[in-house]
Amino acid sequence: MEFKDLEIFQIVAEKGTITEAAKEFNYVQSNITSRIQKLETELNTPLFNRHRRGMSLTPEGKKLLAYSKKILLLTDQMKKAIQSNEEPSGKLEIGTVETLIHLPKILSSYIKKYKNVDLSLITGVTETLAEEVLNHKLDGAFVIESDFHPDLVSHEVFQEKLVLISDMRPSTLEELKEEPFLCFSKGCGYRARLEAWYKDQNITPQKMMEFGTLETILQSVAMGLGVTFVPESSVSHMEQSGLIQCHKLPDQYSKFKIVFIRRTDTYLTSTIEKFIETLESNKHAQWNH
């Protein structure tokens, strides 16, 4: 059994057709078919149900998929471990919540120092990003500190404070309780904090509106559509320009830490190790400042 056979098997399972898998590997379809048949012969069991719409895994195929993911992950980690003394290079996929004003500085200092690293940044809400790190889809993520899965380890990056923001109309905190709540999807740490405040104040928001991007939320607040809860640092420029007002809530709802999370059991390559070192040096610089 070859590792390539397992890779092909995984892609066929994911795509559901030989045609799509062949496109993925840039192989002819007969090559993919023969590899799958070879695997089924070696294991002496059908791995797929064939039907007009494509292919679906048999119970035995589902078992093999779980094992093959572990085998290929270990193979990847083995390669990284052997190459660990090299200068950081290759692909580094990092997730982040959308409101981190300090993040460009961190990423810039890392990329300028390690020019052979191809860094990709994906945005999302804390809950989703933690899940993707857990499932090996991301190398790590910047998220709001919370109770993470035991397989995740966190590194504190910086501390922030959330503020409730509204448009420039004169309004008290009591009046703002009646305003629509503009937020990211469920799983957002900022949303969870404001929902906790609402709950403790026995407030039921009259309307809750979900948006996909921070920019849309901020512009909607400035136009009087509702209120939201965001890091103070991410809206200070709008406050100074007279576009929004900031309202402070008690520390138990507003103070929070941004942490960088990664899996505890993955090999710490030089690429990710140097990234964590960069985080640490930036954290110390921020605190000393």
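In this predicted model, the loop that links helix H8 (189-200) to strand S8 (208-210) contains Asn202. The phi angle of Asn202 is near 55°, a positive value in a residue other than glycine, and Asn202 is exposed, with a relative accessible area of 73%. A comparable description applies to Asn44, which is placed in the loop between helix H3 (29-43) and strand S1 (48-51). Asn44 is not a glycine either, yet it has a positive phi of about 55°, and with a relative accessible area of 70% Asn44 is exposed. A positive phi is also found for Gly242, which follows helix H10 and has a value near 75°.

Helix H10 itself spans residues 232-240, and its buried residues are Ser233, Ser234, Val235 and Met238. General helix geometry offers a background for such a pattern: an α-helix has 3.6 residues a turn, so residues three or four places apart point the same way. The buried residues of H10 pack against strand S6, helix H9 (214-222), strand S9 and strand S10 (245-247).

The interior can be followed from strand S5, which comprises residues 140-144. Five of the five residues of S5 are buried, so this strand is largely enclosed by the rest of the structure. In a regular strand the side chains alternate between the two faces of the sheet. In S5, Gly140, Phe142 and Ile144 point one way, whereas Ala141 and Val143 point the other way, and all are buried. Strand S5 pairs with strand S3 (residues 90-96) in the parallel sense over three bridges, and Thr96 has Phe142 of S5 as its bridge partner. With strand S11 (residues 255-263), S5 runs antiparallel, and four bridges join the two strands; here Phe142 stands opposite Phe260 of S11.

Val143, another residue of strand S5, counts as buried because its relative accessibility is 0%, where buried means under 20%. When residues up to four places away in sequence are not counted, Val143 touches Val97, Thr126, Leu129, Phe148, Lys257, Ile258, Val259 and Ile261. One of these contacts, Ile261, is 118 residues apart from Val143 in sequence, although the two lie 7.4 Å apart in space, C-alpha to C-alpha.

Phe142 and Phe260 reappear in the largest nonpolar core, which has 62 residues and in which Phe142, Ile165, Tyr190, Ile258, Phe260 and Phe275 have the most contacts. The largest share of this core, seven residues, is supplied by strand S6 (residues 152-166). For Phe260, leaving aside neighbours within four places in sequence, the contacts are Ile94, Gly140, Ala141, Phe142, Val153, Ser154, His155, Val157, Ile272, Phe275, Ile276 and Leu279. A second, separate core of 19 residues includes Ile11, Ile36, Phe48 and Met55.

The empty space was examined next. Rolling a probe the size of a water molecule over the atoms shows where such space is left. A search of the whole structure finds one cavity of 30 Å³ or more, and the largest cavity has a volume of about 60 Å³. The lining of the largest cavity consists of Phe181, Leu182, Cys183, Phe184, Cys188, Tyr190, Arg191, Ile217, Thr228, Phe229 and Val230, and the elements that give two or more residues to this lining are strand S7 (181-183), H8 and strand S9 (228-231). By residue class, the lining of the largest cavity divides into nine nonpolar, one polar and one charged. Tyr190, which belongs to this lining, is also among the residues with the most contacts inside the largest nonpolar core.

The second largest pocket holds about 310 Å³ of space. This pocket is lined by 20 residues, of which Thr126, Glu127, Ser146, Gly187 and Gly189 are the closest to its centre. Helix H6 (126-134) and H8 are the elements that give two or more residues to the lining of the second largest pocket, and the residues of that lining divide into seven nonpolar, five polar and eight charged. Helix H8 thus contributes to the lining of the largest cavity as well as to that of the second largest pocket, while Thr126, named among the residues closest to the centre of the pocket, is also touched by Val143.

Technical notes
Residues numbered from 1 in each chain as written. Predicted model: local features only at pLDDT ≥ 70, side-chain atom pairs only at ≥ 80, totals over all residues. Heavy atoms only, no water. Buried < 20%, exposed > 50% of the residue type's maximum accessible area, 1.4 Å probe, protein only. 1 Å grid on protein atoms, 1.4 Å probe; cavity = no way out; pocket = protein on both sides within 12 Å on 5 of 7 lines; lining within 4 Å. Points joined across faces, edges and corners; volume = space filled by probe spheres on them. Nonpolar A, V, L, I, M, F, W, Y, C, P; charged D, E, K, R; others polar. Pairing = 2+ DSSP bridges. Core = buried A, V, L, I, M, F, W, Y, C linked by side-chain atoms within 4.5 Å. Contact = heavy atoms within 4.5 Å.
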